[in-house]
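Work through the exercises below with the sequence and the structure at hand. Each task is followed by a solution in steps.

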Amino acid sequence: MIKTMELTKNFGESIVLKNITTTINKGEVVAVIGPSGSGKSTFLRCLNLLEDPSSGHIWLKDEEITSLKVNKLQVRKNIGMVFQHFHLFPHMTVLENVMYAPVKVKHMKKELAEKNAKELLARVGLIEKVEAYPNRLSGGQKQRVAIARALGMDPEIMLFDEPTSALDPEMVKEVLDVMKDLAQTGMTMIVVTHEMNFAKEVADKIIFMDEGKLMEEAEPQSFFKSPKTKRAKDFLAKVL
Amino acid sequence: MNLDFSQIVPSIPFILEGIGATLKFVSVSILFGLLLGTILALCKIGNKKWLKWPADIYTSIFRGTPLILQLMIIHYAVPQLFLYDIPVFLSAVLAFGLNSAAYVSEIIRAGIMAVDKGQVEAAEALGIPYRPMMANIILPQALKNILPAMMNEFITLTKESALVSTIGYMDLMRRAEIVGAQLYRNFEPLLFAGVIYWVMIFILTNIGSWVERRLRQSD
């Protein structure tokens, strides 16, 4: 589904990502974990070209999206993204937030887009909030709207950049539940997260990163039971 | 105290005609400044260096020199180069419009920059192209930052418009001066003009607060 080869990103002198080579298959749920500043978010943001990789290649299905010819906007239509701080459009209602991109980008008919948006909002449990503005919602509700908004474009992959890190503890579960449901529908998901339980229970694969490098790539059971690298052992000792 | 307002009564219609003259060139200047300022602001926020540079230099020049100097150059100095006798109205509109554009462009630029960067990223991640992103997502949010500062700019421009009396444009200020010279009494006509300026600004300020209140309702 998505494949990276020698993916590298530097901001000026500092190298944030070093030669990341990995493959993520269709329907896989991948949890990207590691200490702060390890390059997890940058890796995720390279995948939908919010950051331009400095070198290396990314293929989405069979298309190389790091090639110069590629239209970034076209690529992003197929990749949904959920941010740590939601980034809902504050001047639009919940319904408008979800409908806007399908109508503007995919030229979907308004009636159809509204029907789809309402279905998605029902799926994330927010059908009663369609007319509300984002500032009337709790953090957990905002993030669920953000997930619905990303799903509105009917993407083939969903990227989650620390989706629960900005939430009050009691709201983490409602967002993770929506993500679990999504995983069960067979969506390909790449999740940068600090929620180790989520990684353990839901992920098919763990990517452990440190200092911009992909240190370890393994199934959750073996990774959490017997990490191979010392870095991963130290990290798990601290977070578990 | 030597003060006699009855003396200017016959000249009041003459002075009042200046309101129209002032409002006419102020509104044309505002529109001109708004249009050019918006274009300049878009040049500044884009990522094209060859657009950004000229816009920055333009702003630096027009903000960095006195308005009255710009007015004098346009009205007296430029005709020397092109042997074109420029009408006062055109000079006034050019000087105030060009000058205002520099300020307006900064107001708009700052208003757009103040919108959370995450909004651009969210729009980009959804594959929304630049134009609809600007028009439907960034500018509506920037408007709230822009409007108060913009009202301020319009108020300043309306007041500073009195400068055009120096090139002989028959605005409110100029007419008050003429009446003063004719009567050998300056206090009464100047005070009268001052009251009219104050009323105009008072109305403008109230329109501004009304618009701001309307905008805040969506919060």
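The exercises deal with a predicted model, taking the contact between two chains and then some aromatic rings.

**Exercise 1. Describe the extent of the interface between chain A and chain B.**

Step 1. Count the residues on each side: 23 residues of chain A are in contact with 19 residues of chain B.

Step 2. Take the buried area. The two chains bury about 1,700 Å² between them, and 63% of this lies on carbon and sulfur atoms.

**Exercise 2. Find the salt bridge and count the polar contacts between chain A and chain B, then say which elements of chain A take part.**

Step 1. The rule finds 1 salt bridge across the interface. Its partners are the side chains of Arg45(A) and Glu121(B), at 2.6 Å from N to O. A salt bridge requires the nitrogen to be within 4 Å of the carboxyl oxygen, and the value of 2.6 Å fits.

Step 2. Residue pairs in polar contact, both at pLDDT 80 or more, number 5 between the chains.

Step 3. On the side of chain A that touches chain B, two or more residues come from each of helix H2 (72-77), strand S6 (79-82), helix H3 (94-105) and helix H5 (139-151). H3(A) gives the most, with 4 residues.

Step 4. Sorted by class, that side of chain A has 14 nonpolar, 4 polar and 5 charged residues.

**Exercise 3. Classify the ring pair Phe89(A) and Tyr100(A), and place both residues in the chain.**

Step 1. The whole structure holds 9 aromatic pairs over all chains. For this one, the ring centres are 6.5 Å apart and the planes stand at 80°.

Step 2. An angle over 60 degrees counts as edge-to-face, so the pair of Phe89(A) and Tyr100(A), with planes at 80°, is edge-to-face.

Step 3. Phe89(A) sits in the loop between S6 and H3 of chain A, and Tyr100(A) in helix H3, 11 residues apart. Both residues are buried.

**Exercise 4. Is the pair of Phe208(A) and Phe235(A) stacked, edge-to-face or tilted, and are its residues buried or exposed?**

Step 1. The centres of the two rings lie 5.3 Å apart with the planes at 45°, so the pair is tilted.

Step 2. Phe208(A) belongs to strand S9 (residues 205-210) and Phe235(A) to helix H9 (residues 230-239), with their positions 27 residues apart in chain A.

Step 3. The cut-off for buried is under 20% relative accessible area. Phe208(A) has 0% and is therefore buried; Phe235(A), with 10%, is buried too.

Step 4. Phe208(A) and Phe235(A) form one aromatic cluster together with Phe223(A) and Phe224(A).

Conventions:
Residues are numbered from 1 along each chain as its sequence is written. Chains are lettered from A and ligands numbered from 1 in the order in which they are written. This is a predicted model: local features need pLDDT of at least 70, side-chain atom pairs count only at pLDDT 80 or more; totals for chains, interfaces and linings use all residues. Side-chain values use heavy atoms; hydrogens and water are left out. Contact means heavy atoms within 4.5 Å. Buried area is the accessible area (1.4 Å probe) that two parts lose on being put together, summed over both. A polar contact is a pair of N or O atoms within 3.5 Å; within protein, one must be able to donate a hydrogen and the other to accept it, and residues adjacent in sequence count only if both atoms are side-chain atoms. Ala, Val, Leu, Ile, Met, Phe, Trp, Tyr, Cys and Pro count as nonpolar, Asp, Glu, Lys and Arg as charged, and the others, Gly among them, as polar. Rings of Phe, Tyr and Trp (its six-membered ring) pair if their centres lie within 6.5 Å; planes under 30 degrees apart count as stacked, over 60 as edge-to-face and the rest as tilted. Buried means under 20% relative accessible area, exposed over 50%, partly exposed in between (1.4 Å probe, protein chains only).
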